[in-house]
Amino acid sequence: MRLIVTGTDTGIGKTVFAAGLAAALGAHYWKPVQSGLDGPESDSETVARLGRLPPKRILPEAYRLTEPLSPHRAAELDGVTIDPARLAPPPHGRLVIEGAGGLMVPITRQLLAIDWFATMRLPVVLCARTALGTINHSLLSVEALRARGIPLHGIAFIGEDMPDTIRTIADLSGARVLGRLPLLDPLTPESLATAFAAGIAL
């Protein structure tokens, strides 16, 4: 299975979800464009730690950018030109690809993340927070994916249990709900594996 993990927004926990997903599927993980290298860990390092993935299952990024900004701007500040040809998925049978930010994030000044996803023709898992505002963001994201003919594998919710919100999004979008991953404290490989197995339907 080859899946793209994206989100309705940035900072909603999709990297943690991707770690749990890659571990559960026994998949390789690839974050093609990583920006914000000044932090304590890159997303690839976080996934390796939380998912307990060996180095051979963490594929190297195509681009590593310094500033914690949208890829198009981070690349400009680093003097890097992002070549979309380098963003083609590698031929691994089980692969989790994590996008940068949300669907409309510019990878370059001519290429949005969602249009890059469309070129890959792979199903997408949409991560959505359960907090206020998620109904609007989730429904807009689903419509944008469908407008480009991108297959939506399902929606994974992250945060506190909000049954009515989740049901409303499912009913109005017709999308499959994959489950909910709570905010974990402490966030450890053990707590993630337990919560993922209990909350997400593979």
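Helices here are DSSP runs of H or I, at least four residues long, numbered from the N terminus. By that rule, Asp43 lies in helix α2, which spans residues 43–51. The model is predicted.

Start at Asp43. Its relative accessibility is 17%. Buried means under 20%, so Asp43 counts as buried. Set aside the neighbours within four places in sequence, and Asp43 is in contact with Thr15, Tyr29, Lys31, Gln34 and Glu98.

One of those contacts, Tyr29, leads to the largest nonpolar core. This core has 27 residues. Phe17, Leu21, Tyr29, Val96 and Leu181 have the most contacts inside it. Several elements each supply at least two of its residues: the strands β1 (2–7), β7 (124–129), β8 (152–158) and β9 (177–181), and the helices α1, α2 and α7. Helix α1 gives the most, with seven residues.

Val96 shows how this region packs. Residues up to four places away in sequence are not counted here. Val96 touches Leu3, Val5, Ala18, Leu21, Ala22 and Leu25. Val96 also touches Ala27, His28, Tyr29 and Trp30. Among these partners, Leu21 and Tyr29 are again residues with the most contacts inside the core.

A second core is separate and has 26 residues. Ile4, Ala62, Tyr63 and Phe117 are included in it.

Now turn to the pockets. The largest pocket holds about 560 Å³ of space. Its lining is made of 33 residues. Thr10, Gly11, Lys14, Ala100 and Gly101 lie nearest the centre. Four elements give two or more residues to this lining: α1 (14–25), β3 (33–34), β6 (95–102) and α5 (134–147). By class, the lining has 12 nonpolar, 15 polar and six charged residues.

The second largest pocket holds about 160 Å³. It is lined by 14 residues, and Gly20, Ala23, Ala24, Ala193 and Phe196 are the closest to its centre. The helices α1, α2 and α7 (189–199) each supply at least two lining residues. The largest share, five residues, comes from α7. This lining divides into 11 nonpolar residues, two polar and one charged.

Helix α1 ties these regions together on paper. It contributes to the lining of the largest pocket, to the lining of the second largest pocket and to the largest nonpolar core. Helix α2, where Asp43 lies, supplies residues to the second largest pocket and to the largest core.

Definitions and conventions: Residues numbered from 1 in each chain as written. Predicted model: local features only at pLDDT ≥ 70, side-chain atom pairs only at ≥ 80, totals over all residues. Heavy atoms only, no water. Buried < 20%, exposed > 50% of the residue type's maximum accessible area, 1.4 Å probe, protein only. Contact = heavy atoms within 4.5 Å. 1 Å grid on protein atoms, 1.4 Å probe; cavity = no way out; pocket = protein on both sides within 12 Å on 5 of 7 lines; lining within 4 Å. Points joined across faces, edges and corners; volume = space filled by probe spheres on them. Nonpolar A, V, L, I, M, F, W, Y, C, P; charged D, E, K, R; others polar. Core = buried A, V, L, I, M, F, W, Y, C linked by side-chain atoms within 4.5 Å.
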